[in-house]
4 protein chains.
Amino acid sequence: MQLGMIGLGRMGANLVRRLTKDGHSCVVYDVNAAAVKALAGPDIRRAASLNDFVAKLSHPRVVWVMVPAGVTGKTISDLVPLLAVGDIIIDGGNSYYRDDQVRAKALKLRGIHFVDCGTSGGVFGLERGYCLMIGGDDDVIRHLDPIFKSIAPGIAAAARTVGRDDAAGTEEHGYLHCGPVGAGHFVKMVHNGIEYALMAAYAEGLNILKHADVGLRSRTQDAETTPLRDPEAYQYPIDIGKVAEVWRRGSVISSWLLDLTAAALVEDADLKQFSGRVSDSGEGRWTTLAAVDEGVPAPVISAALFGRFESQGEANYADRILSAMRKQFGGHDEKQTDTS
Amino acid sequence: MQLGMIGLGRMGANLVRRLTKDGHSCVVYDVNAAAVKALAGPDIRRAASLNDFVAKLSHPRVVWVMVPAGVTGKTISDLVPLLAVGDIIIDGGNSYYRDDQVRAKALKLRGIHFVDCGTSGGVFGLERGYCLMIGGDDDVIRHLDPIFKSIAPGIAAAARTVGRDDAAGTEEHGYLHCGPVGAGHFVKMVHNGIEYALMAAYAEGLNILKHADVGLRSRTQDAETTPLRDPEAYQYPIDIGKVAEVWRRGSVISSWLLDLTAAALVEDADLKQFSGRVSDSGEGRWTTLAAVDEGVPAPVISAALFGRFESQGEANYADRILSAMRKQFGGHDEKQTDTS
Amino acid sequence: MQLGMIGLGRMGANLVRRLTKDGHSCVVYDVNAAAVKALAGPDIRRAASLNDFVAKLSHPRVVWVMVPAGVTGKTISDLVPLLAVGDIIIDGGNSYYRDDQVRAKALKLRGIHFVDCGTSGGVFGLERGYCLMIGGDDDVIRHLDPIFKSIAPGIAAAARTVGRDDAAGTEEHGYLHCGPVGAGHFVKMVHNGIEYALMAAYAEGLNILKHADVGLRSRTQDAETTPLRDPEAYQYPIDIGKVAEVWRRGSVISSWLLDLTAAALVEDADLKQFSGRVSDSGEGRWTTLAAVDEGVPAPVISAALFGRFESQGEANYADRILSAMRKQFGGHDEKQTDTS
Amino acid sequence: MQLGMIGLGRMGANLVRRLTKDGHSCVVYDVNAAAVKALAGPDIRRAASLNDFVAKLSHPRVVWVMVPAGVTGKTISDLVPLLAVGDIIIDGGNSYYRDDQVRAKALKLRGIHFVDCGTSGGVFGLERGYCLMIGGDDDVIRHLDPIFKSIAPGIAAAARTVGRDDAAGTEEHGYLHCGPVGAGHFVKMVHNGIEYALMAAYAEGLNILKHADVGLRSRTQDAETTPLRDPEAYQYPIDIGKVAEVWRRGSVISSWLLDLTAAALVEDADLKQFSGRVSDSGEGRWTTLAAVDEGVPAPVISAALFGRFESQGEANYADRILSAMRKQFGGHDEKQTDTS
């Protein structure tokens with residue numbers, strides 16, 4: 001079927017490629033004309049403007065919006081006046097599900113359908129397919145099924161789960177209608193919250209392995225440094241890259257994130273290109289907010305999130321308060337350098 | 001080559017099966033005669049006693065000990081007097097690496113080699129192969145290479161990591177000599193620490209999804225219950241099993257643990273057979289101790305560990321202290337039942 | 001000066017007593033007529049209805065609303081139509097500061113001033129005075145100064161902070177104008193977030209002391225119980241009540257919460273009257289939400305919050321997922337009883 | 001009675017001053033001759049060497065060792081050969097209670113008594129008295145009672161706990177015999193673990209208040225910065241020093257640590273003299289280790305500990321792993337500067 005794509009960044013462009021490869025036709029547009037120009041292929045029609053974009057789409061139009069979360073609102077606002085009753089907007093980005101709820105309500109007044117679609121897969125999605133978490137009305141989602149099926153990885157992407165009976169649901173193809181509007185981005189939000197914690201789990205573990213040789217290093221002896229009680233127990237210089245690789249086969253903790261970690265360590269064994277400032281892009285925060293609202297504990301996911309804030313320097317004022325207290329009650333001066 | 005296996009539980013028996021299938025010969029023994037009797041096959045010789053077991057092995061003997069962590073010490077103590085200079089003991093269980101260090105030193109005085117081998121793979125190892133994390137002296141590990149190679153999953157068990165050059169290290173076959181004695185169990189310990197956190201990450205996330213419908217449920221209105229501010233934002237009854245399944249294909253959080261979670265939810269969608277008391281078996285604790293000794297933060301792994309302690313009821317006294325404080329300063333009585 | 005109090009629960013009634021003792025006159029009202037009847041004294045005028053209440057107040061009226069957070073909105077809605085331009089509403093409860101912002105805007109359109117006043121002190125406030133954290137417009141707060149001064153503990157309630165110069169700000173009397181509308185409840189919210197964490201700090205520590213005798217108790221020996229490696233290191237039956245008491249004098253961790261803990265342990269050394277279900281009343285949640293919004297780490301406060309959710313049973317589904325995973329990969333059955 | 005003090009740092013010297021002021025006589029020694037010379041007063045006899053020190057003490061000698069944890073072992077080793085059967089060594093420093101257990105056993109073979117005494121009070125102890133947590137044999141502790149009574153703050157240091165009956169135990173004077181050898185340092189260890197968490201609670205809360213104005217600051221708009229959804233909700237420039245001060249009177253979170261925080265903020269409102277590198281000195285680590293050994297959750301105390309490790313830069317490798325993963329799956333480059 002025909003689909004219009006607004007936003008031709010890495011994700012949007014690859015979605016178009018994956019769709020047209022599977023027989024769909026696409027109309028494409030981006031505020032950046034160069035991005036439009038760069039995307040060519042059979043069944044791809046390029047639009048010079050939003051008006052042109054809308055004009056090239058047959059009714060009922062299906063428009064997939066794949067732009068940074070910060071500009072989704074404006075993009076949809078610009079688009080809506082050009083659409084007609086019965087048209088469909090799919091927000092494939094990382095929007096906050098509460099924004100979906102507000103947007104869908106406003107669009108419904110104009111007779112336009114809204115679908116939220118959490119899209120996971122990163123830079124590998126073109127080849128691997130994208131995992132889709134979808135929210136919206138039943139009939140609209142059913143109408144869009146051919147689109148989702150083409151984008152998703154397909155049933156062969158993983159071994160079948162033991163115990164499942166014959167009729168495969170769409171979840172086995174890698175896409176799922178999760179519920180009413182917002183449900184898709186809600187599930188994607190939690191997906192990313194889990195992702196934060198999985199990443200932190202590997203990072204913490206590898207950090208512990210990296211420091212398994214602290215007993216071999218001489219350490220400052222002063223009142224502000226806790227002595228290592230058993231230096232002989234920490235004399236292992238571990239090759240982190242090899243450990244990441246060996247865990248990929250047969251271990252309980254094998255995963256796609258571990259595959260990527262192993263790849264990163266092959267590229268740059270000491271990770272010298274990185275400073276350790278880790279951004280966060282919203283979903284980890286929203287997952288924590290949801291846990292708090294629901295009254296459900298999320299100590300692991302929130303610890304992962306707070307670790308990112310700390311990497312951004314945001315604990316600094318708190319840490320200075322701690323130093324000030326220690327100075328007050330114990331006369332401790334801050335230690336300025338650390339040889340460990 | 002020939003290997004003697006002591007301990008024919010699920011893990012030991014499957015290791016023997018995997019070894020003999022690959023051309024090795026095994027002598028097997030277990031304190032439980034029924035377990036010995038149950039294990040039959042070409043190239044498997046059963047021993048009636050520890051003496052018989054040792055007698056059936058050719059010198060230099062290779063003995064793999066695969067017994068619960070609590071009895072490893074006793075098993076090795078019983079075995080050692082029967083061994084000779086040059087024999088090798090492999091501890092394949094989940095021993096604490098510090099015990100390895102002590103044991104290896106004592107054995108070295110008698111001319112016996114000690115190898116620690118962290119073995120991951122669980123009940124699926126027979127088929128999938130086991131990921132092996134090995135510690136010990138170079139020449140001994142080299143001598144045992146055919147054993148490890150047969151047990152490990154092999155290079156085909158995962159797609160090759162992008163960027164690796166031609167010469168595949170053993171880590172690409174799924175086994176790794178991590179360093180001197182103890183290094184194998186150290187790496188396995190951290191592996192399990194990571195495992196705790198990965199598991200908790202999925203569990204927390206799915207719990208948040210499970211409660212995404214709290215806005216649909218009526219909640220008590222009293223001073224001891226925090227009201228849900230935005231009930232309309234939490235009206236998603238999510239099918240957790242389908243979500244686990246859809247994430248298996250194309251998502252960033254696909255993993256073997258997720259595969260197992262999906263399988264568990266197919267078997268028992270409501271997990272009614274479980275009460276939620278989660279045991280811990282040592283490695284998560286030891287990983288946390290290592291992080292503390294090294295002075296390295298492990299907020300995620302430790303949160304996962306403490307979550308297990310809480311599931312075992314070990315926060316109860318602390319919680320009663322909290323209730324007592326609240327009663328003191330605010331006159332708050334404990335709420336005895338909860339309808340949420 | 002004259003003040004009207006709506007809500008004659010423990011807090012409201014004691015505020016009235018404290019105000020009238022210091023020369024102010026109060027008009028009092030509560031939806032519960034018995035509560036109105038119970039409060040008598042010189043300078044206290046009881047109102048039979050909201051209309052009566054408003055009629056008894058001189059213009060510009062000062063109305064302090066001291067009702068449970070859940071009914072603050074309704075109480076103010078009922079009150080507003082009876083008020084006139086220039087009247088002042090003080091919300092002394094534990095409202096969410098964002099609600100203040102909305103309310104103040106709506107009231108301003110009617111010419112009514114809104115002041116938010118976080119009030120800490122619990123059941124001891126009548127005697128000790130209440131710590132007040134206030135938000136609102138400068139001139140309004142200045143007008144209300146005599147009220148706040150009478151309610152607050154006064155400068156003698158604590159030794160003067162070393163280094164402060166002669167001119168004592170109101171903060172040294174125990175009340176503070178923190179900023180524009182909402183600032184008072186914002187500071188009170190964080191106060192309570194800190195309170196959660198302080199309480200959890202003591203509770204965790206005392207729990208560790210309570211278990212300092214685990215080496216004296218026999219423990220199950222099975223694959224699902226981690227053995228205690230050094231039982232001889234944990235043979236201290238500690239008297240928790242005496243420890244709480246000794247820390248009250250001269251220690252770094254002396255505090256009012258510790259005083260209360262010591263009192264609770266005198267009353268009921270084993271805390272048998274408590275089951276350990278700890279409610280939370282909103283502020284701990286809101287503090288965590290604020291930290292997340294601000295991008296500031298709050299691992300300690302959030303851990304305290306999540307500990308309460310766990311005490312309420314809200315980790316149960318997550319824990320059952322963990323048990324299900326362990327069953328899948330390791331064949332582990334849940335341990336149903338625990339002797340430890 | 002007579003007491004010998006080894007170690008005349010701030011703590012040791014002040015203990016001597018407090019003891020002699022209360023009628024005891026002291027023999028004093030320090031490896032640093034200048035420290036010995038600096039301490040003068042009636043009832044203080046200065047020793048020129050360890051031999052001289054021991055010679056000046058009457059039998060049975062009472063020796064209080066007050067030296068940094070790292071040199072306690074050596075100090076006691078040097079001292080022991082000079083002592084006689086029946087002499088008493090008190091370790092008043094922050095030793096690990098497990099070391100006490102080992103030392104006491106070795107000393108018992110020589111007929112020397114060992115007492116461990118956790119001493120809290122910091123630089124204010126001379127005036128306020130020190131809170132003492134004591135481990136050792138009953139008769140020895142009883143013998144030393146006059147010493148402990150003089151050092152402790154005394155019953156007047158705090159209001160009596162409501163509900164206590166007439167007979168005041170020593171805990172009401174600020175010292176407590178907690179149990180056999182090691183129990184004193186065990187309780188002191190947990191005291192410090194709690195201290196870490198209390199400090200972190202205040203620091204986190206004040207950090208959240210410090211950032212309550214993020215909505216007033218312009219923030220970068222890019223894919224690597226999560227936008228603030230409700231800038232209007234975070235427009236409070238809070239005076240942190242005034243908040244710390246106001247909480248000192250009447251609030252639930254008043255404490256001695258808060259008093260010190262208020263004092264620190266009077267001295268240096270912006271805490272500019274501190275960089276935020278927070279040392280840890282062992283007890284927080286040991287408390288966490290004890291919790292793990294006991295199988296008791298300590299999420300709050302451990303989060304406080306890990307926060308210190310993070311302030312020391314020890315999360316950096318883990319953070320670089322996270323950046324490497326994000327680069328792999330999402331093509332995200334690290335953001336090098338942050339305007340927030």
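The legends below walk through close-up views of a predicted model.

**Figure 1. Chain A meets chain B across an interface that buries about 7,600 Å².**
Let us begin with the pairing of chains A and B. Here 91 residues of chain A are in contact with 91 residues of chain B. Carbon and sulfur atoms account for 66% of the buried area. If you would like a few side chains to look for, try Tyr236(A), Arg249(A) and Val252(A): together they supply 11% of the area that chain A buries against chain B, more than any other three residues.

**Figure 2. Salt bridges and polar contacts link chain A to chain B.**
How many salt bridges does the rule find across the interface of chain A and chain B? There are four. One pairing to zoom in on joins the side chains of Glu245(A) and Arg164(B), with an N to O distance of 3.4 Å. In another salt bridge, the side chains of Asp230(B) and Arg98(A) meet at 3.0 Å, N to O. This second pair crosses between chains: Asp230(B) sits in the loop between α9 (183-210) and α10 (240-246) of chain B, while Arg98(A) belongs to helix α5 of chain A. For context, the count over all chains comes to 72 salt bridges. Polar contacts also span the interface of chains A and B, where 40 residue pairs are found, both partners having pLDDT 80 or more.

**Figure 3. Helices and strands of chain A contribute to the side that touches chain B.**
Which elements of chain A give two or more residues to this side? They are the helices α5 (97-109), α9 (183-210), α10 (240-246), α11 (256-267), α12 (283-294) and α13 (299-311), together with the strands β7 (131-135) and β8 (175-179). The largest share, 17 residues, comes from α9(A). Sorted by class, the residues on the side of chain A that touches chain B comprise 56 nonpolar, 19 polar and 16 charged.

**Figure 4. Chain B and chain D bury about 1,700 Å² between them.**
Now we turn to another pair of chains. The contact takes 20 residues from chain B and 20 residues from chain D. Of the area buried between these chains, carbon and sulfur atoms give 76%. Three residues to pick out are Val292(B), Pro297(B) and Phe306(B), which supply 36% of the area that chain B buries against chain D, more than any other three residues. The rule finds zero salt bridges across the interface of chain B and chain D, and four residue pairs are in polar contact there, both at pLDDT 80 or more. On chain B, the elements giving two or more residues to the side that touches chain D are α12 (283-294) and α13 (299-311). That side of chain B divides into 13 nonpolar, three polar and four charged residues.

**Figure 5. Helices α13(A) and α13(C) run roughly antiparallel to each other.**
Their axes come within 10 Å and cross at roughly 170°. Angles over 145 degrees count as roughly antiparallel, and α13(A) and α13(C) are therefore described that way. From α13(A) the contact draws on Pro299(A), Ser302(A), Phe306(A) and Glu310(A), and from α13(C) on Pro299(C), Ser302(C), Phe306(C) and Glu310(C). By class, the contact of α13(A) with α13(C) has four nonpolar, two polar and two charged residues.

**Figure 6. Within chain C, helix α9 crosses helix α13 at roughly 75°.**
The axes of α9 (residues 183-210) and α13 (residues 299-311) of chain C come within 8 Å. The crossing angle makes α9(C) roughly perpendicular to α13(C). On the α9(C) side, the contact is made by Gly193(C), Ile194(C), Tyr196(C), Ala197(C), Met199(C) and Ala200(C). The partners on α13(C) are Val300(C), Ile301(C), Ala304(C), Leu305(C) and Arg308(C). By class, the contact of α9(C) with α13(C) has nine nonpolar residues, one polar and one charged.

**Figure 7. Backbone details to look for include cis peptide bonds before Pro60(C) and Pro60(D).**
Most residues other than glycine have a negative phi, and most peptide bonds are trans. The peptide bond from His59(C) to Pro60(C) is cis, with omega near -5°, and Pro60(C) is found in the loop between α3 (50-56) and β4 (62-65) of chain C. In chain D, the bond from His59(D) to Pro60(D) is also cis, with omega near -5°. Pro60(D) is found in the loop between α3 (50-55) and β4 (62-65) of chain D. In chain A, look for Asp43(A), which has a positive phi of about 70° although it is not a glycine. Asp43(A) lies in the loop between α2 (33-38) and β3 (44-46) of chain A.

Conventions. Residues are numbered from 1 along each chain as its sequence is written. Chains are lettered from A and ligands numbered from 1 in the order in which they are written. Side-chain values use heavy atoms; hydrogens and water are left out. Contact means heavy atoms within 4.5 Å. Buried area is the accessible area (1.4 Å probe) that two parts lose on being put together, summed over both. A polar contact is a pair of N or O atoms within 3.5 Å; within protein, one must be able to donate a hydrogen and the other to accept it, and residues adjacent in sequence count only if both atoms are side-chain atoms. Helices (H or I, at least four residues) and strands (E, at least two) are DSSP runs, numbered from the N terminus. Ala, Val, Leu, Ile, Met, Phe, Trp, Tyr, Cys and Pro count as nonpolar, Asp, Glu, Lys and Arg as charged, and the others, Gly among them, as polar. Axes are lines fitted to C-alpha atoms, for helices over the stretch in contact, and angles run from 0 to 180 degrees between N-to-C directions. Angles under 35 degrees count as roughly parallel, over 145 as roughly antiparallel, 65 to 115 as roughly perpendicular and the rest as oblique.
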